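Please open the model in a viewer and follow the stops below in order. Each stop names a selection and then describes what is found there.

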Amino acid sequence: ENSQAYNIGNPDCETSIRDLAQLLTKLYPHKKLTVELKIREISDNYLESPIFRNSPNIDKASKLGWTPTTNLNDGFKRTIEYYNETP
């Protein structure tokens, strides 16, 4: 429908930032990336996010017959390879 926004994503590929970082180190072992987890002290200056989980609502796109076909590993690998190949 004209003038409508549609979310495109895969709600079945939910992950944490830590797990995403670990996934990227596994996708590119030759880069010798490491994940360092630091426990942050909560102070008076820390603003906690009210959002605990976030997943795209793809209902509108699904009604048009669209379904996600890319998993998290393939999606990040394809995106990174695209940016590495683009001048």
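**A buried threonine**

Begin by selecting Thr25, which is buried, with a relative accessible area of 17%. The model is a predicted one, and Thr25 has its place in helix α1. Buried status applies here because the cut-off is under 20% relative accessible area, and Thr25 has 17%. Display its side chain next: the side chain of Thr25 reaches the backbone oxygen of Gln22 at 2.7 Å. Then show the surroundings of Thr25, leaving aside residues up to four places away in sequence; Thr25 touches Leu33, Thr34 and Val35.

**Helix α1 and its buried residues**

Extend the selection to the whole of helix α1, residues 17-27. Which residues of α1 are buried? They are Leu20, Leu23, Thr25 and Leu27. An α-helix has 3.6 residues a turn, so residues three or four places apart point the same way. The buried residues of α1 pack against α3.

**The packing of α1 and α3**

Add helix α3, residues 72-85, to the view. At what angle do α1 and α3 pack? The angle is about 65°, and the axes of the two helices lie 11 Å apart. The crossing of α1 and α3 is right-handed. To see the contact itself, select Leu20, Leu23, Leu24 and Leu27 on the α1 side. On the α3 side, select Leu72, Asn73, Phe76, Lys77 and Ile80, which the α1 residues meet. Colouring this contact by residue class gives 7 nonpolar, 1 polar and 1 charged residues.

**The segment before α1**

Move to Asn10, found in the segment before α1. The side chain of Asn10 reaches the backbone nitrogen of Asp12 at 3.0 Å. Beyond residues up to four places away in sequence, Asn10 touches Pro56, Pro68 and Thr70.

Ser3 also has its place in the segment before α1. Select Ser3 and inspect the backbone: its phi is positive, about 65°, although Ser3 is not a glycine. Most residues other than glycine have a negative phi. Is Ser3 buried or exposed? Ser3 counts as exposed, at 78% relative accessibility, because the cut-off for exposed is over 50%.

**The loop after α1**

Next select Lys32, in the loop between α1 and α2, the latter being residues 59-63. Lys32 is not a glycine, yet has a positive phi of about 55°. With 71% relative accessibility, Lys32 counts as exposed.

**The whole chain**

Finally, zoom out to the whole protein. How many helices and strands does the secondary structure comprise? There are 3 helices and 0 strands, and from the N terminus on the elements run α-α-α. Along its principal axes, the C-alpha trace spans about 45 × 40 × 25 Å. The radius of gyration of the protein is 17 Å, whereas a compact globule of 87 residues would have one near 12 Å. Colouring by accessibility shows that buried residues make up 10% of the 87 residues; Thr25, the starting point of this tour, is buried. As a last step, display the contacts between residues at least 6 apart in sequence: 78% of these join residues at least 24 apart.

Notes: Residues are numbered from 1 along each chain as its sequence is written. This is a predicted model: local features need pLDDT of at least 70, side-chain atom pairs count only at pLDDT 80 or more; totals for chains, interfaces and linings use all residues. Side-chain values use heavy atoms; hydrogens and water are left out. Axes are lines fitted to C-alpha atoms, for helices over the stretch in contact, and angles run from 0 to 180 degrees between N-to-C directions. Helices (H or I, at least four residues) and strands (E, at least two) are DSSP runs, numbered from the N terminus. A crossing is left-handed if the near helix is turned anticlockwise from the far one by less than a right angle, and right-handed if clockwise. Contact means heavy atoms within 4.5 Å. Ala, Val, Leu, Ile, Met, Phe, Trp, Tyr, Cys and Pro count as nonpolar, Asp, Glu, Lys and Arg as charged, and the others, Gly among them, as polar. Buried means under 20% relative accessible area, exposed over 50%, partly exposed in between (1.4 Å probe, protein chains only). A polar contact is a pair of N or O atoms within 3.5 Å; within protein, one must be able to donate a hydrogen and the other to accept it, and residues adjacent in sequence count only if both atoms are side-chain atoms. The radius of gyration is taken over C-alpha atoms; the globule rule is 2.2 Å times the number of residues to the power 0.38.
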